[in-house]
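Q: I'm new to this structure and would love a close look at a single part of it. Could you pick one strand and walk me through its surroundings?

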Amino acid sequence: GDSPIAVALSGGGDSTALLHALAQCFGVSRLHAIVVDHALRDGSAGDAQRAEASACLIGVSAETITLSWAADAKRSQQSARMARYRALCSAAKQRGACVIALGHTADDQAETVFMRAAAGSGWRGLAGMAPVAPAPVWPEGLGLIVARPMLRARRGDLRAWLRSRGAAWVEDPANANLDYERVRVRARLAALEDGGFDPMRLVRLAERLRPIADALDREAAALIARAASFEADRIVLARKLWDAAVP
């Protein structure tokens, strides 16, 4: 359809490239950029303002949402991620969008698979991030999907493309903070690539496993549709249908 597309914009190279690519494909009037200021470091508000301004500069409407944290809140990367998704979903719904576009790249996918393999994940985890998936928060994400159109693009290629267009971006200082697992993994994969290992092999592994994961998801969704009903305060299972399908 022609419903608005919400674009998660951090102002970094990946999401800036995503915004420019979508503007070329769909036109600026259909896009709405959502900038989430996590409010976890000095300078984040200024970076958010610059990100919002960069969207407006190419004619895309934009807004900034600043997260608030309770005094005793756990401020881990995971909690920030979930808070960001909740904010994105709420803003997307307010705009009438059904899709939230995310700027994850092939390098992000390689890092995800590497981390999951190191943690002993099974095949499902090694399928990595899906190109299209339901929004991962409830109930804010109900009826929304997230799309990752850049999942086959290399991070360096996107930045080279932005430079060719004269577009600027801001590097998040957190991307150099070795306290974070993903930053350490990024450095490790860069060193392995320098030594001759192609991290895109991890991406290709995920791509081989993704159709199997998607097929399993379709079967599970069909089973839920057949055997489960949702009432105000509970889920009711048709036991015969459920037991026949689940060993």
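A: **Strand β2 and its surroundings**

Happy to! Please keep in mind that this is a predicted model. Let's begin with a pairing: strand β1, residues 5-8, runs parallel to β2, and four bridges join the two. One place to look is Val7, which stands opposite Ala33 in β2.

Now for β2 itself. This strand covers residues 31-37 and is mostly covered, with seven of its seven residues buried. In a regular strand, side chains alternate between the two faces of the sheet. You can follow the two directions in β2: Leu31, Ala33, Val35 and Asp37 point one way, while His32, Ile34 and Val36 point the other way. The residues on both sides are all buried.

β2 also pairs with strand β3, residues 61-66, again in the parallel sense, this time over six bridges. Here Val35 has Thr64 in β3 as its bridge partner.

Next, trace the helices that go with these strands. Helix α1, residues 13-26, makes a right-handed β-α-β unit together with β1 and β2. Helix α2, residues 44-57, makes a right-handed β-α-β unit with β2 and β3. β2 therefore takes part in both units, as a member of the one with α1 and of the one with α2.

From here we can step into the interior. The largest nonpolar core has 24 residues, and those with the most contacts inside it are Leu88, Ile100, Leu102 and Val146. The elements giving two or more residues to this core are β1, β2 and α3 (77-94). The largest share, nine residues, comes from α3. A second, separate core holds 21 residues, including Ile5, Leu19, Ala51 and Val60.

Two residues of the largest core are worth a visit. Leaving aside residues up to four places away in sequence, Leu102 touches Ala8, Leu18, Tyr85, Leu88, Val146, Ala147, Arg148 and Pro149. Val146, for its part, lies in strand β6, residues 145-147. Val146 counts as buried because its relative accessible area is 2%, and the cut-off for buried is under 20%. With the same sequence neighbours left out, Val146 touches Tyr85, Ile100 and Leu102, among others, as well as a run of residues including Pro131, Val132 and Ala133. Val146 and Tyr85 are 61 residues apart along the chain, and their C-alpha atoms are separated by 9.9 Å.

Note on methods: Residues numbered from 1 in each chain as written. Predicted model: local features only at pLDDT ≥ 70, side-chain atom pairs only at ≥ 80, totals over all residues. Heavy atoms only, no water. Buried < 20%, exposed > 50% of the residue type's maximum accessible area, 1.4 Å probe, protein only. Pairing = 2+ DSSP bridges. Right-handed = clockwise from strand over helix to strand, strands pointing away. Core = buried A, V, L, I, M, F, W, Y, C linked by side-chain atoms within 4.5 Å. Contact = heavy atoms within 4.5 Å.
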